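This report describes the architecture of one protein and the surroundings of its ligand. Please consult the sequence and the structure shown below while reading.

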Amino acid sequence: MAATGLFLISFLIVHVSINACIFANDGGVTFNSAAHFMATNPVIRIVEIGLFAGLLLHIYQALVLTLKNQKARPIAYAQVNGSANSSWYSRSMGILGSLLLLFLIVHLAHFWVDTKIAVFSGKADEHNTFNEMTAVFKHWYIVLIYIIGVASLLYHLLHGFQSAFQSLGLNHKKYTPLIKKTGIWFSVIVCALFAAMPITMFLGIIK
Ligand code: HEM
């Protein structure tokens with residue numbers, strides 16, 4: 001789970017960086033050229049297959065791990081006081097991950113499917129992802145779905161980032177606090193940038 005999680009984190013860095021091109025506020029010129037490169041470059045297309053395989057593997061591993069945990073303790077504890085030594089979000093990774101998956105299905109239906117249709121029908125050059133984004137983010141309820149999706153991502157990452165390092169055995173008196181701090185900053189910055197995209201487009205700040 002740690003390896004696939006870190007792989008998905010690396011995707012988020014690329015995704016948020018490309019999308020942040022919308023903040024150039026140049027009518028989508030910079031963003032569209034970056035998006036066009038990502039949609040048509042053959043190497044990126046191969047990496048994309050790895051991305052979806054990594055996502056499915058991460059979900060599969062989560063299910064296997066949950067079942068193993070349940071098997072290891074078939075009789076529930078009489079009393080549970082989880083908040084004594086763990087955060088609510090570290091105990092809710094399954095729910096947060098499922099919310100994220102629901103968000104991803106809506107998200108891919110919004111953008112990814114259209115891009116794929118354009119690429120496979122030879123119309124990638126005419127496809128304007130920026131215009132598509134401004135049209136999608138005109139609706140407040142879609143912006144709300146995105147904010148809920150990004151909030152799920154925030155809490156999923158807040159635990160997942162540092163947990164991945166711990167699972168890989170990187171537990172060290174000196175470095176663990178640094179990894180934890182980096183994880184918090186990383187999660188907050190990435191999610192704030194993602195959330196700012198639908199919000200600024202809805203408000204007409206980015207157009
Ligand atoms: C909230 C702001 C976000 C915006 C505005 C946004 C925008 C986009 C756009 C425009 C595409 C289509 C790219 C293309 O193929 O032309 C895309 C693809 C994608 N997005 Fe997002 N995204 C956001 C957040 C997220 C988050 C939080 C995740 C994951 C947790 C995510 C996962 C994906 C995936 C998996 C793809 C498909 C990548 C591929 O083409 O292989 N996105 N996004």
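From the N terminus onward, the elements of the protein follow the order α-α-α-α-α-α-α. The model is a predicted one. In total there are 7 helices and 0 strands.

**Overall form**

Taken along the principal axes, the C-alpha atoms fill a box of roughly 60 × 35 × 35 Å. The protein has 207 residues, of which 34% are buried. About 12,800 Å² of the protein is exposed, and carbon and sulfur atoms supply 71% of that area. When contacts between residues at least 6 apart in sequence are considered, 78% of them join residues at least 24 apart.

**Surroundings of the ligand**

The ligand is surrounded by 22 residues. The closest of these are His15, Asn19, Glu48, His107 and Thr115. By class, the shell comprises 16 nonpolar, 5 polar and 1 charged residues.

Several helices contribute to this shell: α1 (2-19), α3 (42-72), α4 (93-120), α5 (129-136) and α6 (140-167) each supply at least two residues. The largest share, 8 residues, comes from α4.

Polar side-chain atoms of His15, His107 and Thr115 lie at the following distances from atoms of the ligand.

| Residue | Ligand atom | Distance |
|---|---|---|
| His15 | nitrogen | 2.8 Å |
| His107 | nitrogen | 2.7 Å |
| Thr115 | oxygen | 3.0 Å |

For His107, the side-chain partner is an N or O atom.

**Helix α5**

One of the helices that supply residues to the shell, α5, also merits a description of its own. How much of α5 is buried? Of its 8 residues, 6 are buried, and α5 is therefore largely enclosed by the rest of the structure. The buried residues are Thr129, Phe130, Glu132, Met133, Thr134 and Val136.

Which helices do these buried residues pack against? Their packing partners are α2 (29-40), α4, α6 and α7 (175-202). Two of these partners, α4 and α6, also supply residues to the shell around the ligand.

The N-terminal end of α5 is capped by Asn128. In this cap, a side-chain oxygen of Asn128 lies 3.2 Å from the backbone nitrogen of Phe130. Phe130 is itself among the buried residues of α5.

Conventions: Residues are numbered from 1 along each chain as its sequence is written. This is a predicted model: local features need pLDDT of at least 70, side-chain atom pairs count only at pLDDT 80 or more; totals for chains, interfaces and linings use all residues. Side-chain values use heavy atoms; hydrogens and water are left out. A residue is near a molecule or strand if one of its heavy atoms lies within 4 Å of it. A polar contact is a pair of N or O atoms within 3.5 Å; within protein, one must be able to donate a hydrogen and the other to accept it, and residues adjacent in sequence count only if both atoms are side-chain atoms. Helices (H or I, at least four residues) and strands (E, at least two) are DSSP runs, numbered from the N terminus. Ala, Val, Leu, Ile, Met, Phe, Trp, Tyr, Cys and Pro count as nonpolar, Asp, Glu, Lys and Arg as charged, and the others, Gly among them, as polar. Buried means under 20% relative accessible area, exposed over 50%, partly exposed in between (1.4 Å probe, protein chains only). Contact means heavy atoms within 4.5 Å. Accessible areas come from the Shrake-Rupley method with a 1.4 Å probe; for residues, only the protein chains shown count as cover.
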